[in-house]
Amino acid sequence: PYDIIRVTTYRNGVHFDIVEQALDYIGQTATFSLSVEIKAELANYRFEVSGIEGTTESLEKVIEDVVAGDAYLITGQSNAEAKMRSGSAAQEESEFIRVYASGIPIEANLVNNDNWYLGQGDGSRFSDGNTGQWGLSLARQIVNKHQVPVAIFNGAHGGKELSFFQAPMDYQTNLSSNYGRLFYRIKKAGLQENIRSVFWSQGERNALPSIASTKEEYMGQFLSLKNAWYNDYPNIEHIYL
């Protein structure tokens, strides 16, 4: 068994730090906890986890392209999904714009996609790494101006009324709702406490004659959704309509 667990950190390929812990076994099991602080900056970090037995070091795990930065939520209908209509947003792409999974409305696909992607804006809710076109542009402006990486969670779904986006009672355990799938992605990524702002673009669907929401009805539903956001993502600083 290993005597020591070690984490070696590299910043942009250059050695940055080493932290290690002696292992204290109970039977065949030794618990450990190590942490490395990294800056919110335009730099990629690499972590190598090794076990040491005597003078022999064995590499157990490598985690690459880790960044620290800001996380934002975009949701609503088609203007928030922002699929490509005319002209690509590819020029806004950056290695420091990241997306966890996608906004795909198919439960099995979401559960089986435990991956981070570089953000792209020319796809749709079915596309891995989708930010939406203006979501990508927004992220790139933040990256350029503030020199920090950005994660975008786009949960938009075109052509849906406000009620579609509400949080049902079972959203924490059931992925059948739009709110539940977005919550699942953010929780799985460990960013519930780190959503900085929400961008909401929706409303025209509720003006259709078949729905015809009054101003008061729309406001009541929106406030319910807003309260759910603040409950699940308590460190939101701004909501932009």
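## Working through the rings and cores

Phe164, Phe165, Trp200, Phe222 and Trp229 are joined into a cluster by ring pairs. Keep in mind that this is a predicted model. The exercises below start from that cluster and move outwards.

### Exercise 1: a ring pair in the cluster

Work out how the rings of Phe165 and Trp200 sit against each other, and which parts of the chain they link.

*Solution.* Start with the overall tally: there are 13 aromatic pairs in the structure. For Phe165 and Trp200, the ring centres are 5.4 Å apart and the planes stand at 90°; planes over 60 degrees apart count as edge-to-face, so that is what we call this pair.

Next, place the two residues. Phe165 sits in the loop between strand E10 (150-154) and helix H4 (178-188), while Trp200 belongs to strand E11 (residues 195-201). They are 35 residues apart, so the pair links distant parts of the chain.

Last, check the cover. Anything under 20% relative accessible area is buried. Phe165 comes in at 2% and Trp200 at 6%, so both count as buried.

### Exercise 2: a second pair

Decide whether the rings of Phe199 and Tyr240 are stacked or edge-to-face, then say how buried or exposed each residue is.

*Solution.* The centres are 4.9 Å apart and the planes are at 10°, so this pair is stacked. Phe199 is in strand E11 and Tyr240 in strand E12 (residues 238-240), so the rings tie together parts that lie 41 residues apart in sequence.

Now the accessibility. Phe199 has a relative accessible area of 13%, so it is buried. Tyr240, at 39%, is partly exposed.

### Exercise 3: the surroundings of E11

Find out which strands pair with E11, and how enclosed E11 is.

*Solution.* Take E7 to begin with: E7 and E11 run parallel and are joined by six bridges. Within E11, Ser197 stands opposite Tyr72.

Then look at E12. It pairs with E11 over three bridges, again in the parallel sense. One position to click on is Val198, whose bridge partner in E12 is Ile239.

For the enclosure, count buried residues: five of the seven in E11 are buried, so the strand is largely enclosed by the rest of the structure.

### Exercise 4: the nonpolar cores

Name the residues that touch the most other members of the largest nonpolar core, and the elements that contribute to it.

*Solution.* The largest core has 29 residues, and the ones touching the most other members are Phe153, Tyr179, Ile186, Ile195, Trp200, Trp229 and Tyr233. Strand E7 (70-76), E10, H4, E11 and helix H5 (215-232) each give two or more residues to this core.

Zoom in on Ile195. Leaving out residues up to four places away in sequence, it touches Ala71, Leu73, Phe153, Ile186, Tyr233, Asn235 and Ile236. Another core lies apart from the largest one; it has 17 residues, including Val99, Ala139, Val143 and Ile152.

### Exercise 5: two residues to inspect

Describe where Glu48 and Trp134 sit and what each one touches.

*Solution.* Glu48 is in strand E5 (residues 45-53). Its relative accessible area is 16%, so it counts as buried. Its side chain makes a polar contact of 2.9 Å with that of Arg46. Setting aside neighbours within four places in sequence, Glu48 is in contact with Arg6, Val7, Thr8, Tyr10, Leu59, Lys61 and Val62.

Trp134 is in helix H3 (residues 133-146). With a relative accessible area of 32%, it is partly exposed. Not counting residues up to four places away in sequence, Trp134 touches Ile74, Asn79, Ala80, Ala82 and Phe199. That brings us back to Phe199, the buried ring from Exercise 2.

### Exercise 6: stepping back

Sum up the whole chain: its elements, its box and its burial.

*Solution.* Count the elements: five helices and twelve strands. The C-alpha atoms fill a box of roughly 75 × 40 × 30 Å along the principal axes. Of the 241 residues, 42% count as buried. The accessible surface comes to about 12,800 Å², with 49% of it belonging to carbon and sulfur atoms. Finally, take the contacts between residues at least 6 apart in sequence: 63% of them join residues at least 24 apart.

Key:
Residues numbered from 1 in each chain as written. Predicted model: local features only at pLDDT ≥ 70, side-chain atom pairs only at ≥ 80, totals over all residues. Heavy atoms only, no water. Phe/Tyr/Trp six-rings, centres within 6.5 Å; stacked < 30°, edge-to-face > 60°. Helix = DSSP H or I, 4+ residues; strand = E, 2+ residues; numbered from the N terminus. Buried < 20%, exposed > 50% of the residue type's maximum accessible area, 1.4 Å probe, protein only. Core = buried A, V, L, I, M, F, W, Y, C linked by side-chain atoms within 4.5 Å. Contact = heavy atoms within 4.5 Å. Polar contact = N/O pair within 3.5 Å; in protein donor to acceptor, adjacent residues only side chain to side chain. Areas by Shrake-Rupley, 256 points an atom, 1.4 Å probe, with all protein chains shown as cover. Pairing = 2+ DSSP bridges.
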